[in-house]
Amino acid sequence: DLSGANLTTLNGSNISSGTVATARLGSGTADTTTVLRGDSTWTSIAVTPYALTLADVANTVTKTTIITFTVPANTWDAGEVITVWTTELRKNNKGTSGTPQFEYEVGGITATPAVTTAAWSDNATEFADLVAYQFMRVGGNVRILNDSHTTGHGSDQTRGTTAVASTVTFTSAVVVNIKVTLDAANANYYDKPQAGKAIHYQ
């Protein structure tokens, strides 16, 4: 019988057809939930998505929860990051610039940014933001970063704001709320999340 045991210098480019079985590439189970690491080990993809509940804030000065998601109990370990990506339609055409205030609630603990968001200039055009909210567990606290990129509204600035939710209980389900308070009630002044996803990097 022919054996390839002595073909120790075969160039990989000579494999011109067929496939190499996943079991030959590394140890562990190879399936749709695993990836091959550099040490030739199949390992689980350590990413968990969470669905978002979205709501508009418009024509009101009442603090409004625009994004909500829930992290199951005992699943958010120290050092892990949850990133929330959303697209949000925003408009300010109330006659003057506007400065909406963002606030976060993590497991019932309120976190208010130390720096206000950049002002939205008065503009008749609705603009779209790609927004990233990042939540990182540091010990018993959660550090939060909000950063956005405005499309088609050049007079608005991109600026990150940070906040900290202290002494969060992770042994129970952690409900995360992102809230907005507009500084004027006007039908042409709003923030309307369109779509998004929370991704837990574990």
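Two residues are said to be in contact when heavy atoms of theirs lie within 4.5 Å. Among the contacts in this chain between residues at least 6 apart in sequence, 70% join residues at least 24 apart. The structure is a predicted model, in which local features need a pLDDT of at least 70 and side-chain atom pairs count only at pLDDT 80 or more, while totals for chains, interfaces and linings use all residues. Residues are numbered from 1 along each chain as its sequence is written, and side-chain values use heavy atoms, with hydrogens and water left out.

The chain has one helix and 14 strands, where helices (H or I, at least four residues) and strands (E, at least two) are DSSP runs numbered from the N terminus. Of the 202 residues in the chain, 35% are buried, a word that stands for under 20% relative accessible area, whereas exposed stands for over 50% and partly exposed for what lies in between (1.4 Å probe, protein chains only). The chain exposes about 10,900 Å², and carbon and sulfur atoms supply 51% of that area; accessible areas come from the Shrake-Rupley method with a 1.4 Å probe, and for residues only the protein chains shown count as cover.

We can now turn to the interior. In soluble globular proteins, nonpolar side chains tend to be buried together. A nonpolar core is a set of buried Ala, Val, Leu, Ile, Met, Phe, Trp, Tyr and Cys residues joined through side-chain atoms within 4.5 Å, and the largest one here has 32 residues, with Phe69, Trp76, Tyr104, Val106, Tyr133, Phe135 and Val142 having the most contacts inside it. The elements that give two or more residues to this core are β6 (64-71), β7 (81-92), β8 (101-106), β10, β11 (141-151), β12 (161-165), β13 (174-181) and β14 (189-201). Val106 may serve as an example, since, leaving aside its neighbours within four places in sequence, Val106 is in contact with Trp76, Phe135, Val142, Ile144, Ala165, Val168, Val174, Val175 and Val176.

Charged side chains come next. A salt bridge is a side-chain nitrogen of Lys or Arg within 4 Å of a carboxyl oxygen of Asp or Glu, and by this rule the count comes to five salt bridges. One of them joins the side chains of Lys63 and Glu103, at 3.1 Å from N to O. Lys63 lies in the loop between β5 (57-58) and β6, and Glu103 in strand β8, so the pair ties together parts that are 40 residues apart in sequence. Lys63 is partly exposed, with a relative accessible area of 44%, whereas Glu103, at 14%, counts as buried.

Another group of charged residues involves Arg90, which counts as buried at 3% relative accessibility. Arg90 forms a salt bridge with Glu88, the closest N and O atoms being 2.9 Å apart, and a further one with Asp191, where the closest N and O atoms are 3.2 Å apart. The pair of Arg90 and Asp191 links distant parts of the chain, with Arg90 in strand β7 and Asp191 in strand β14, 101 residues apart. Asp191 is buried, with a relative accessible area of 0%, and salt bridges that share partners join Glu88, Arg90, Asp129 and Asp191 into one network.

Two members of this network deserve a further look. Glu88 is found in strand β7 and, at 1% relative accessibility, counts as buried. Its side chain makes a polar contact of 2.9 Å with the side chain of Tyr133, a polar contact being a pair of N or O atoms within 3.5 Å, of which, within protein, one must be able to donate a hydrogen and the other to accept it, and residues adjacent in sequence count only if both atoms are side-chain atoms. Asp129 lies in strand β10 (residues 123-138) and is buried, with a relative accessible area of 3%. A polar contact of 2.4 Å joins the side chains of Asp129 and Arg90. Asp129 and Pro193 are 64 residues apart in sequence and 9.2 Å apart in space, C-alpha to C-alpha.

Finally, we come to the surface. Leu130 also lies in strand β10, but Leu130 is partly exposed, with a relative accessible area of 43%. Leu130 belongs to a nonpolar patch on the surface together with Val35, Ile45, Val47, Trp85 and Tyr201, with about 520 Å² of accessible area together. Patches are made of residues with over 30% relative accessible area and no salt bridge, like charges being joined within 9 Å and nonpolar side chains (Val, Leu, Ile, Met, Phe, Trp, Tyr) within 5 Å.
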